[in-house]
Structures are given as C-alpha cells and as structure tokens.
Amino acid sequence: MAETTPDLRGLPKHRAYVELEANIEAVLAGVRDEIAEMATVSALIHHGFGHLWTGFYRVAEPGKRLLVGPYQGTLGCLEITFGGGVCGTAAAEARSVVVPDVDAFPGHITCDARARSEIVVPVTGPAGALIAVLDIDSEEAGTFDDEDREALERIVQRFARR
Ligand code: SME
C-alpha cells in the first residue's frame with residue numbers, strides 16, 4: 001500500500017470530497033472491519049481538512065450510551081448519553097446535526113475549548129440500526145454546511161454495506 005494522506009485544504013469543497021471519497025474507497029478496498037474502517041476514515045478526513053477533532057462515538061448501549069471509538073485529535077470525552085450534546089442529539093434522533101456555533105447549541109459538550117463549530121452524522125449498520133455517530137469539530141465557526149452533511153452521509157453508508 002502506497003497511499004498517503006492527501007491535503008484537501010485549498011480545494012473547493014465539492015472537489016475535496018470527490019478526492020476524499022475516492023481515497024477512502026482506494027485505501028479501504030476489500031476491508032470489511034468496522035474499527036479499521038472507522039480509524040482510516042477518521043485519519044483521512046482529519047488530516048485532509050485539518051480539523052480539530054474527527055472521530056466516531058460507537059453505540060455501547062442502544063438508546064442509552066455512546067462510547068468513544070477511533071478518532072484523531074486531542075483527548076475526546078469517553079462517554080456521551082443519548083440526547084446529550086450534539087453527538088447524543090444526533091444519536092437519539094438518528095439525524096445529522098450541523099452546528100455553526102457551538103455556543104448557541106444548548107448542552108454542547110466541550111471536550112476541547114477551541115471547538116467553534118461541528119457536524120455529527122449518524123452511522124447505520126447492515127441491520128439498519130444505529131451503530132455509531134461520526135463527529136467532526138472545527139476551530140472555525142460555520143465550517144460545515146449541507147455539502148459536508150451530504151458527503152459525510154455518503155461516506156458512512158459503507159458501514160451499512162456488508
Ligand atoms: N462535541 C461533542 C462532544 C464530543 S467532542 O467534542 C470530541 C458534542 O457536544 O456532542
């Protein structure tokens with residue numbers, strides 16, 4: 001394997017995600033292991049865009065508790081309750097949540113005080129149940145929009161294909 005981690009900064013968002021998705025497919029071709037995939041997806045997104053924190057919270061107890069999974073960045077909170085913070089809201093409601101300003105999100109959980117905006121996307125497994133959420137935090141306000149949401153929702157669809 002000779003792949004590197006492409007730097008996607010400076011590319012228009014659309015172009016960046018086309019490259020990112022192609023890279024994920026290439027690096028993970030033939031790999032069907034949730035942890036290996038989550039670790040690789042986190043690394044490629046995180047270093048590609050230069051985000052503050054990128055990673056997965058996995059469902060530890062359905063409907064109750066998320067536990068930190070593979071991630072890149074500074075120390076993440078270990079546990080998040082369904083309904084708590086942005087991750088817990090996305091998990092409880094099984095929908096993506098885009099937060100342009102974390103200070104304006106009631107109950108936002110601060111793991112790193114530098115976080116200004118974030119996006120959380122639910123991850124569904126092959127049986128159709130929620131298995132995790134993908135959480136990305138940025139040091140800039142307003143980093144994420146519908147284009148990010150759509151691309152990230154597409155990227156995590158691989159976890160439903162088994
Ligand atoms: N921002 C998240 C907490 C997790 S960390 O930032 C890594 C939230 O409010 O759900």
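Q: How many aromatic pairs does a search of the whole structure find?
A: Quick housekeeping: this is a predicted model, where local features need pLDDT of at least 70, side-chain atom pairs count only at pLDDT 80 or more, and totals for chains, interfaces and linings use all residues. Residues are numbered from 1 along each chain as its sequence is written, and side-chain values use heavy atoms, leaving out hydrogens and water. The search turns up four pairs, meaning rings of Phe, Tyr and Trp (its six-membered ring) with centres within 6.5 Å.

Q: Why is the W53 and Y71 pair called stacked?
A: The centres are 4.8 Å apart and the planes make 25°. Stacked takes planes under 30 degrees apart (over 60 is edge-to-face, the rest tilted), so this pair qualifies. W53 lies in strand 1 and Y71 in strand 2, so the pair ties together parts 18 residues apart in sequence. Strands here are DSSP runs of E, at least two residues.

Q: What makes the V86 backbone a polar contact for the ligand?
A: A backbone N or O atom of V86 is 3.0 Å from a ligand oxygen, and the cut-off for two N or O atoms is 3.5 Å, so it counts. C87 passes as well, at 2.7 Å from a polar backbone atom, and so does I109 with 3.0 Å. The protein buries 99% of the 310 Å² that the ligand exposes alone (Shrake-Rupley, 1.4 Å probe).

Q: Where does the ligand sit?
A: In the largest cavity, a set of points on a 1 Å grid where a 1.4 Å probe fits but cannot get out. To sit there, more than half of a molecule's atoms must lie within 2 Å of the grid points.

How values were computed:
Polar contact = N/O pair within 3.5 Å; in protein donor to acceptor, adjacent residues only side chain to side chain. 1 Å grid on protein atoms, 1.4 Å probe; cavity = no way out; pocket = protein on both sides within 12 Å on 5 of 7 lines; lining within 4 Å. Helix = DSSP H or I, 4+ residues; strand = E, 2+ residues; numbered from the N terminus.
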